[in-house]
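Hi,

Here's the structure I promised to pass along. Have a look at it first, and my notes on what turned up are underneath.

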Amino acid sequence: GISGKCFRMLINIYRDLNNDDNIDVIDVVLLVNLIIDNSPYTELADINMDNQINILDIVQLLNIILDF
């Protein structure tokens with residue numbers, strides 16, 4: 001199987017909304033804009049993988065950035 005560290009790296013790359021190989025505040029801003037603009041669902045922005053894009057995805061992304 002995939003080790004925990006490798007799995008976490010794969011998940012973090014998956015959540016890189018601007019595809020710059022970093023999970024950072026720019027990704028948070030993009031996610032907030034997607035929510036504010038009521039953009040169509042995109043799996044990439046569904047950070048907590050609950051088939052919705054909302055404040056819970058922002059919280060999860062912030063937790064990833066802050067390493068919680």
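A quick definition before the fold: helices here are DSSP runs of H or I with at least four residues, numbered from the N terminus. With that in hand, the chain reads α-α-α along the sequence, with 3 helices and 0 strands. Bear in mind that this is a predicted model.

Now the inside. Of the 68 residues in the chain, 22% are buried. The largest nonpolar core has 8 residues: L17, V28, L31, A45, I47, I58, L61 and I64. Helices α2 and α3 (55-65) each put at least two residues into this core, and α3 gives the largest share, with 3. That fits a general habit: in soluble globular proteins, nonpolar side chains tend to be buried together.

A45 is a handy core residue to click on. Leaving out residues up to four places away in sequence, A45 touches L17, L31, L34, I53 and D57. For the chain as a whole, take the contacts with a separation of 6 or more: 41% of them join residues 24 or more positions apart.

And the outside? The chain exposes about 4700 Å², and carbon and sulfur atoms supply 61% of that. There is also a nonpolar surface patch of about 320 Å², made by V25, I26, V29 and L30. V29 sits in helix α2 (residues 25-36). Why can V29 count towards a patch? Its relative accessible area is 43%, so V29 is partly exposed and clears the cut-off of over 30% that patch residues need.

Cheers

Note on methods
Residues are numbered from 1 along each chain as its sequence is written. This is a predicted model: local features need pLDDT of at least 70, side-chain atom pairs count only at pLDDT 80 or more; totals for chains, interfaces and linings use all residues. Side-chain values use heavy atoms; hydrogens and water are left out. Patches are made of residues with over 30% relative accessible area and no salt bridge: like charges are joined within 9 Å, nonpolar side chains (Val, Leu, Ile, Met, Phe, Trp, Tyr) within 5 Å. Accessible areas come from the Shrake-Rupley method with a 1.4 Å probe; for residues, only the protein chains shown count as cover. A salt bridge is a side-chain nitrogen of Lys or Arg within 4 Å of a carboxyl oxygen of Asp or Glu. Buried means under 20% relative accessible area, exposed over 50%, partly exposed in between (1.4 Å probe, protein chains only). Contact means heavy atoms within 4.5 Å. A nonpolar core is a set of buried Ala, Val, Leu, Ile, Met, Phe, Trp, Tyr and Cys residues joined through side-chain atoms within 4.5 Å.
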